[in-house]
Amino acid sequence: ITPYLILDDEMKNAMAYAAKRGIDVKIIMPHIPDKKYAYLLARTYYPELIASGVKIYEYEPGFTHAKIFVSDDEKATVGSINLDFRSLYLHFECASYFFRNAVVMDVEEDFQKTLAKSERITLENCRKYPFIRRFAGKALRILAPLM
């Protein structure tokens with residue numbers, strides 16, 4: 001779960017490659033953003049990721065600011081790390097990493113509860129998204145490393 005999805009090629013390719021290998025990659029984003037420009041930019045990654053097998057969901061009740069990652073029911077992180085360039089490379093973000101700890105299942109349970117309140121985004125959803133918003137998101141990609 002991440003409120004901001006602003007990917008560099010390395011992260012985008014890693015997620016796509018994992019999904020193509022059969023790994024169940026799911027991302028939950030907010031349906032109602034706090035920063036419209038970040039949301040428009042994030043949506044530009046949806047078609048590429050979905051086409052490669054990544055499942056993207058939007059949390060319907062509104063904005064989610066959670067930053068959690070769960071893997072294989074044995075690893076999890078909870079903290080302030082967003083999936084954006086600044087968080088991953090420039091900021092000194094903090095997170096707790098859990099490995100083979102009972103807390104991992106608590107994080108997984110939270111993820112599943114959030115997923116149950118989320119709508120899966122399809123390529124059809126992406127095609128129906130208003131042209132002007134798609135265009136604005138693509139234009140914002142120029143500034144992506146700064147966001």
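Here is a short chat about salt bridges and exposure in a predicted model.

Reader: What kind of model is this, and what counts in it?
Author: It's predicted, so local features need pLDDT of at least 70 and side-chain atom pairs count only at pLDDT 80 or more, while totals for chains, interfaces and linings use all residues. Residues are numbered from 1 along each chain as its sequence is written, and side-chain values use heavy atoms, with hydrogens and water left out.

Reader: Why is the contact of lysine 55 with aspartate 24 called a salt bridge?
Author: The term asks for a side-chain nitrogen of Lys or Arg within 4 Å of a carboxyl oxygen of Asp or Glu. Here the closest N and O atoms are 2.7 Å apart, so the pair qualifies.

Reader: Which parts of the chain does that pair link?
Author: Distant ones: lysine 55 sits in strand E3 (residues 55–59) and aspartate 24 in the loop between helix H1 (9–20) and strand E2 (26–30), 31 residues apart. Helices (H or I, at least four residues) and strands (E, at least two) are DSSP runs, numbered from the N terminus.

Reader: What makes lysine 128 exposed?
Author: Buried means under 20% relative accessible area, exposed over 50%, and partly exposed in between (1.4 Å probe, protein chains only). Lysine 128 has 62%, so it's exposed.

Reader: And why is glutamate 124 called partly exposed?
Author: Its 37% falls in the in-between range, so that label fits. Glutamate 124 also meets lysine 128 in a salt bridge (3.9 Å, N to O), and both lie in helix H6 (residues 123–128), 4 residues apart.
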